[in-house]
Amino acid sequence: MHEIIDDFLPKAVHKKILDVFEGSHFPWYYTKNSTGKAHLDEVSHGQFAHIFFRSQHPQYMLSVHFKLVEPMLEIIKPNILIRIKANSTAPIQSDNKVGDFHLDYSSPKGMVGIYYVNTNDGATVLENGEVIESVENRFVKFSSDIKHAVRRHTNVKNRIVINFNWLD
Amino acid sequence: MYENKLWIFDNIISVDDQEHIKNEFFNKNFPWFFISDITNNSNSNQKRPAFQHTLIKDSANNSEYCEWLLPIVKNSEDKIKFKSERVEHGRAFLQLPLNIEKEDCDEPHVDLNYKHLVVLYYVVTSDGETIIYNEQNKNNNDKYTIKKSIKPKQGRVVIFDGRYYHTANQPSNDLRCVINYNLI
C-alpha cells in the first residue's frame with residue numbers, strides 16, 4: 001500500500017535542505033490551515049508553506065529554490081510532476097491529534113510522496129490505519145487515491161515535510 | 001525627548017488600514033522568513049523560533065511592503081511630537097503557539113546597543129503580552145522588575161525608550177503578529 005525509504009538522500013544533502021529551511025533567506029508563506037477545513041482551527045493555527053512547483057493552470061508556479069528538491073526528483077523520477085510543496089507546522093498542545101483525511105488529488109496513475117525533513121512525534125496516517133512516523137530523511141510514497149491525514153506533533157518547535165504529487 | 005518614556009495608543013491607524021495590513025500579512029503571497037530565536041540572541045538557550053519579514057534593514061528599504069506601513073511610524077511620531085532622523089530597522093514577526101510547557105517569557109533584551117526609540121505595532125489581538133522592564137544598561141546580576149505589561153490588541157502601538165529591556169510572553173492560544181520599528 002505504501003513504500004518507505006529511509007536514508008533517502010545522502011546525509012550532506014539532507015543537512016543542506018534542513019539548513020536552508022531553517023535559514024533566514026528561504027521564504028515561507030502563511031496559510032490558515034493545511035487541508036482547507038475551517039474546523040481544524042480548533043487545534044491548528046495554520047502553517048507555513050512554500051510551493052516549489054505547481055503545474056495547474058493558471059496557477060503555474062516555479063520557485064527560485066527549485067534546485068533544492070532536484071536531488072529527490074532524481075530518485076523519484078516522476079513522469080509528470082504536479083506539485084511540490086514544503087510545509088512547516090508548529091506543535092499543538094493536545095496529544096497527537098489526527099487531522100482530516102483527504103486526497104491531495106486523484107488520478108489513476110497519481111502518486112503522493114512525503115519527505116520528512118526532521119524527526120518528531122507527528123506522523124502521516126493512512127485511511128487503513130497504517131502510520132508512517134516522521135523520521136528525518138525518510139521518504140514515503142503511496143497512491144494518490146489513498147486518503148491520508150496528519151497526526152500533529154507535540155515535541156518539536158516546527159515539523160517540516162516536503163509533499164510531492166506526480167503521475168507515474 | 002523620549003528618554004525614560006513609554007506611551008500606548010490604540011487605533012494608531014484607521015481600522016480600514018489595520019484590516020488591510022492584517023489581510024496582507026496573512027495572505028498566502030506574503031513571504032516570511034524563519035528565525036531560530038525571536039530575540040535574536042545568539043547566547044539564548046531558549047531558541048524559540050518565529051517567522052520574520054524585514055521591512056527596513058540598516059535604514060534601507062528591504063521590502064516592497066515597506067512604504068505603505070510607514071504611517072504607523074509617522075502617526076506614532078505625531079502622537080509624541082517627535083521626528084526621527086531615520087528608521088534603522090523595521091521588522092514584522094509572526095509567531096504560532098509553540099506548546100511550551102514552562103510559561104516563562106522570552107529572553108529580556110534591547111534591540112540596539114545605542115540610543116533609539118521602539119515603535120511596536122500589534123497587527124492582531126492575541127495573547128503573548130509585551131513586558132517592558134524598569135532596567136536599562138543592565139548588569140548580569142540585576143533582577144528585572146516590570147514597568148509595564150501590554151496586551152497585544154489590533155491597532156495598538158506601544159512606543160518606548162529603546163534602552164528599556166523588554167521581552168514578550170509566547171502566545172499559547174493565538175497567532176501573535178507585531179511590527180517592530182527602531183527609530184533614531
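How many residues does the contact take from chain B and from chain A? It takes 23 residues from chain B and 22 residues from chain A. The model described here is predicted.

The area buried between chain B and chain A is about 1,900 Å². Carbon and sulfur atoms give 63% of that area. In chain B, three residues lose the most area to chain A: Phe34(B), Leu96(B) and Asn99(B). Together they account for 32% of what the chain B side buries. Strand β2 of chain B, residues 31-35, gives the most to this side, with four residues. Charged pairing is absent by the rule used, as the count between chain B and chain A is zero salt bridges. Polar contact across the interface of the two chains comes to one residue pair, with both residues at pLDDT 80 or more.

The interior was examined next. The largest nonpolar core has 65 residues. Those with the most contacts inside this core are Phe21(A), Ile162(A) and Phe164(A) from chain A, with Ile179(B) and Tyr181(B) from chain B. Another core lies apart from it and has 13 residues. Among them are Ile38(B), Ile150(B), Phe160(B) and Tyr164(B).

Tyr181(B) has a long list of partners in chain B, not counting residues up to four places away in sequence. Tyr181(B) touches Leu55(B) and Ile56(B). Its other partners include Leu69(B), Leu70(B), Ile72(B) and Val73(B). Val87(B), His89(B) and Gly90(B) are also touched by Tyr181(B). So are Leu117(B), Val118(B) and Val119(B).

In chain A, Met72(A) is found in helix α2, residues 70-76. Met72(A) counts as buried, at 0% relative accessibility. Neighbours within four places in sequence aside, Met72(A) is in contact with Phe8(A), Leu9(A), Ile17(A) and Tyr115(A). Ile162(A) and Phe164(A) are in contact with Met72(A) as well, and both are listed with the most contacts inside the largest core. Pro58(A) is 14 residues from Met72(A) along the chain, and the C-alpha atoms of the two are separated by 26 Å.

Cysteines were then considered. A disulfide is a covalent bond between the sulfur atoms of two cysteines. The count over all chains is zero disulfides. The sulfur of Cys66(B) has its closest cysteine sulfur in Cys177(B), 16 Å away, so the gap is too far for a bond. The cut-off for a disulfide is 2.5 Å. For Cys177(B), the closest cysteine sulfur is in turn that of Cys66(B). Both cysteines are buried: Cys66(B) has a relative accessible area of 3%, and Cys177(B) has one of 1%.

Two asparagines have a positive phi. Asn137(A) has phi near 70°, a positive value in a residue other than glycine. Asn137(A) lies in the loop between β8 (131-133) and β9 (138-143) of chain A. This residue counts as buried, at 4% relative accessibility. Asn4(B) has phi near 60°, again positive in a residue other than glycine. Asn4(B) sits in the segment before β1 (6-9) of chain B. Here the residue is partly exposed, with a relative accessible area of 46%.

A further loop of chain A holds Thr154(A), between β10 (148-151) and β11 (159-167). Thr154(A) is buried, with a relative accessible area of 18%. Its side chain is joined to that of Asp121(A) by a polar contact of 2.6 Å.

How values were computed: Residues numbered from 1 in each chain as written. Chains lettered and ligands numbered in written order. Heavy atoms only, no water. Buried < 20%, exposed > 50% of the residue type's maximum accessible area, 1.4 Å probe, protein only. Core = buried A, V, L, I, M, F, W, Y, C linked by side-chain atoms within 4.5 Å. Contact = heavy atoms within 4.5 Å. Buried area = accessible area lost by both parts, 1.4 Å probe. Salt bridge = Lys/Arg side-chain N within 4 Å of Asp/Glu carboxyl O. Polar contact = N/O pair within 3.5 Å; in protein donor to acceptor, adjacent residues only side chain to side chain.
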